[in-house]
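Could you walk me through this model, starting from the inside and working outwards? I'd like the cut-offs spelled out along the way.

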Amino acid sequence: MRASHFEYYNPNPKELRTCDCMIRAFCKALDKDWYEVFDLLNEIAKKNCMPFNAKEMIDIYAKEFGFNKVRISALKRGERSINPEKFCKDHPTGTYILSMAHHTLCAKDGKYWDLSPEISIKRIYSYWEKV
């Protein structure tokens, strides 16, 4: 499958490609640079006494930045899971934070922004929509 909705995106100032997917996602979603988002996430995490990259923190960050959570319902027999490619095809406008197993990314105006198109096959478990 060709990842037609993929756009390469790495705002990390040192071009590192590890352990900062939540920062990258919010950089794109909020149109802010890496350092600014890093500081914002750490400030919010500190107020909540949690590590900034703890899985539970994404709900808090999303709410703080004006996103509403949408849970994807359980699949019925024969239904296909939603991956970033299908999500972007079905959501050609808007800004979203997508959550998958061990990964977070931003989908914006029909594209998903990440380091590699291989993520296109991963199942989305929930997402947050900017309101």
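**From the enclosed helix to the pocket**

Let's start with helix H1, which is largely enclosed by the rest of the structure because ten of its ten residues are buried. Buried here means under 20% relative accessible area, with exposed over 50% and partly exposed in between (1.4 Å probe, protein chains only). Helices (H or I, at least four residues) and strands (E, at least two) are DSSP runs, numbered from the N terminus. Keep in mind that this is a predicted model: local features need pLDDT of at least 70, side-chain atom pairs count only at pLDDT 80 or more, and totals for chains, interfaces and linings use all residues. Residues are numbered from 1 along each chain as its sequence is written, and side-chain values use heavy atoms, with hydrogens and water left out.

The buried residues of H1 include Cys21, Arg24, Phe26, Lys28 and Leu30. They pack against helix H2 (34-47), H3, E2, E3, E4 and E5. H1 itself (residues 21-30) lies across E2, strand E3 (95-100), strand E4 (103-108) and E5, and runs at about 15° to E4. Contact means heavy atoms within 4.5 Å; axes are lines fitted to C-alpha atoms, for helices over the stretch in contact, and angles run from 0 to 180 degrees between N-to-C directions. Just after the helix, Asp31 takes a positive phi of about 55°.

Now for the sheet. It is open, has six strands in the order E1-E5-E4-E3-E6-E2, and its pairing is mixed. Strand E1 (6-8) and strand E2 (67-71) are the edge strands, each pairing on one side only. Two strands pair if DSSP finds at least two bridges between them. On average, neighbouring strands of this sheet are turned by 30° against each other, direction ignored. At one edge, E1 and strand E5 (residues 111-114) pair in the parallel sense over three bridges, and Tyr8 has Asp114 in E5 as its bridge partner.

E3 is another enclosed element: six of its six residues are buried, so the rest of the structure largely encloses it. In a regular strand the side chains alternate between the two faces of the sheet. In E3, Thr95, Ile97 and Ser99 point one way and Tyr96, Leu98 and Met100 the other way. E3 runs antiparallel to E4, joined to it by six bridges, and antiparallel to E6, joined by five bridges. Met100 is a handy residue to click on: it stands opposite His103 in E4, and its bridge partner in E6 is Ile124. The hairpin of E3 and E4 has two residues between the strands, and His102 there takes a positive phi near 60°.

Over on edge strand E2 sits Asn68, which counts as partly exposed because its relative accessibility is 44%. Asn68 touches Tyr127, Trp128, Glu129 and Val131, leaving aside residues up to four places away in sequence.

Finally, the largest pocket holds about 450 Å³ of space. Of the 22 residues lining it, the closest to its centre are Lys55, Ser99, Met100, His103 and Thr104. The elements giving two or more residues to this lining are H1, helix H3 (57-64), E2, E3, E4 and strand E6 (124-130). By class, the lining has ten nonpolar, six polar and six charged residues. Ala, Val, Leu, Ile, Met, Phe, Trp, Tyr, Cys and Pro count as nonpolar, Asp, Glu, Lys and Arg as charged, and the others, Gly among them, as polar. A pocket is an open set of points on a 1 Å grid over the protein atoms alone where a 1.4 Å probe fits, with protein on both sides within 12 Å along at least five of seven lines; lining residues have an atom within 4 Å of a point. Grid points are joined across faces, edges and corners, and a volume is the space filled by probe spheres set on the points.
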